[in-house]
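Ready for a walk through this structure? Open your viewer, keep the selection box handy, and follow along stop by stop.

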Amino acid sequence: MAELIALSPLAGHLPLTVGQFMLTEAYLGPIHSVAPLPGRRAALDAALLAAGLVFPAPCEIREGTGCRLVWAGRDLAFLMGVAPTEAVCAAAAVTDQTDGWAALRLAGPGIADVLARLVPIDCREGALPPGRAARTQINHMPGLLLREGAEAIVLMTFRSMAATLVHEVAEAARRVAARD
Amino acid sequence: MRIPCPHCGTRDRREFYYYGADDYLRRPAADAAPAAWDAYLHLRDNPAGRLRDLWYHEPCGSWIAVDRDTVSHDIHGAVAVADLGGGRT
């Protein structure tokens, strides 16, 4: 039987260093969307609690052991890092989206200046502090932003737009770096 | 123009799609008189001033009812349509 070689969404595009900015692929592990079924919210909360997690409030990232639960829309969260338990699957509509997303980690001093050219929200640390996520746009692409630290943000978009994501972010970084 | 999403906070206009007047939230009963359906489908006020209309916040997937003013361009608030109830569950 043929041995297939799996490629990550951004393989061949990253890593890149642009001025003071580092663009690397973020390996988030399995990604499952978790949407509470009508009337099953309490059961879902109990199932998540057993796994050491809490359903996130809007724009929140909840950290668990080796995983995180990220708010991703109205009544929707993404479980990253582990597969959901059976109890979670029973109380929520769960979809495996692992291969559907490309995730780029942008790091370095002044990343908010880069994102100001692409994203229509304030990405400075005061407005988007660590532990916060934002569903927004990355130029014309739908995106999910995860603030990881003072100088690191993960940008996620659909895998079909992976090369465009790298191009847009690298170009914006290049233009910010050129001003120094 | 900036619109307050009840989940995400104040966001730029380009994240939203416009639908129309909030008359769409008051759907007549299936057996209502033809005049009620005619009004629902076709008749709209066109006020200079305060009105309420429906917008879709594309990134987070929320329909919202926005209270705004067409004269001053003030936005007086917004609520999630899902929180208004009345939909099928």
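## Stop 1: a hairpin in chain A

Select β9(A) and β10(A): they form a hairpin with 2 residues between them, and N139(A) in the turn has a positive phi of about 50°. Keep in mind that you are looking at a predicted model.

Now colour the two strands. β9(A) covers residues 133–138, and its pairing with β10(A) is antiparallel, over 6 bridges. To check the register, pick T136(A), whose bridge partner in β10(A) is G143(A). Then pick A133(A), which has L146(A) as its bridge partner in β10(A).

How many of the residues of β9(A) are buried? The count is 6 of 6, so this strand is mostly covered.

## Stop 2: along β10 to the next strand

Extend the selection along β10(A), residues 141–149. Here 7 of the 9 residues are buried, so the rest of the structure largely encloses this strand. A reminder for viewing side chains: in a regular strand they alternate between the two faces of the sheet.

Next, add β11(A), residues 152–158, which pairs with β10(A) in the antiparallel sense over 5 bridges. This is another hairpin, with 2 residues between β10(A) and β11(A). Select L145(A) to find its bridge partner in β11(A), L155(A).

## Stop 3: R159 and its surroundings

Move on to R159(A), in the loop between β11 and α4 (162–178) of chain A. Is R159(A) buried or exposed? With a relative accessibility of 29%, R159(A) counts as partly exposed, since that value falls between the 20% and 50% cut-offs.

Try a distance label from R159(A) to G149(A): the two are 10 residues apart in sequence, and their C-alpha atoms are 24 Å apart in space. Then show the contacts of R159(A). Beyond its neighbours within four places in sequence, R159(A) touches L7(A), S8(A), P9(A), D99(A), G100(A), W101(A) and A102(A).

## Stop 4: backbone oddities in chain A

Before the next selections, a word of background: most residues other than glycine have a negative phi, and most peptide bonds are trans.

- Select L14(A) and P15(A): the peptide bond from L14(A) to P15(A) is cis, with omega near 5°. P15(A) sits in the segment before β1 (16–18) of chain A.
- Select C59(A), which is not a glycine yet has a positive phi of about 65°. C59(A) lies in the loop between α1 (41–50) and β4 (61–64) of chain A, and its relative accessibility of 5% makes it buried.
- Select D75(A), another residue other than glycine with a positive phi, here near 55°. D75(A) is in the loop between β5 (67–73) and β6 (76–80) of chain A, and at 44% relative accessibility it counts as partly exposed.

## Stop 5: over to chain B

Hide chain A for a moment and show chain B as a cartoon. Chain B has 1 helix and 6 strands, which follow the pattern β-β-β-α-β-β-β along the sequence. Its C-alpha atoms fill a box of roughly 40 × 35 × 20 Å along the principal axes.

Of the 89 residues of chain B, 30% count as buried. Switch on a surface: chain B exposes about 5,700 Å², with carbon and sulfur atoms supplying 50% of it. If you colour by charge, the 11 positive and 13 negative charges of chain B have mean positions 4 Å apart. Among its contacts between residues at least 6 apart in sequence, 44% join residues at least 24 apart.

## Stop 6: the aromatic cluster

Finish with the rings. A search of the whole structure gives 8 aromatic pairs over all chains. Zoom in on Y19(B) and Y24(B): their ring centres are 4.8 Å apart and their planes are at 50°, so this pair is tilted. Both residues are partly exposed, Y19(B) at 45% relative accessibility and Y24(B) at 29%.

Next come W37(B) and Y40(B), an edge-to-face pair with 5.6 Å from centre to centre and 85° between the planes. Both lie in helix α1 (residues 34–42) of chain B, 3 residues apart, or about one turn of the helix. W37(B) counts as partly exposed at 22% relative accessibility, whereas Y40(B) is buried at 9%.

Which residues form the aromatic cluster? Select Y19(B), Y24(B), W37(B), Y40(B), Y56(B) and W63(B) together to see it as one group.

How values were computed:
Residues are numbered from 1 along each chain as its sequence is written. Chains are lettered from A and ligands numbered from 1 in the order in which they are written. This is a predicted model: local features need pLDDT of at least 70, side-chain atom pairs count only at pLDDT 80 or more; totals for chains, interfaces and linings use all residues. Side-chain values use heavy atoms; hydrogens and water are left out. Buried means under 20% relative accessible area, exposed over 50%, partly exposed in between (1.4 Å probe, protein chains only). Helices (H or I, at least four residues) and strands (E, at least two) are DSSP runs, numbered from the N terminus. Two strands pair if DSSP finds at least two bridges between them. Contact means heavy atoms within 4.5 Å. Accessible areas come from the Shrake-Rupley method with a 1.4 Å probe; for residues, only the protein chains shown count as cover. Lys and Arg count as positive and Asp and Glu as negative; His and the chain ends are not counted. The place of a charge is taken as NZ of Lys, CZ of Arg, CG of Asp or CD of Glu. Rings of Phe, Tyr and Trp (its six-membered ring) pair if their centres lie within 6.5 Å; planes under 30 degrees apart count as stacked, over 60 as edge-to-face and the rest as tilted.
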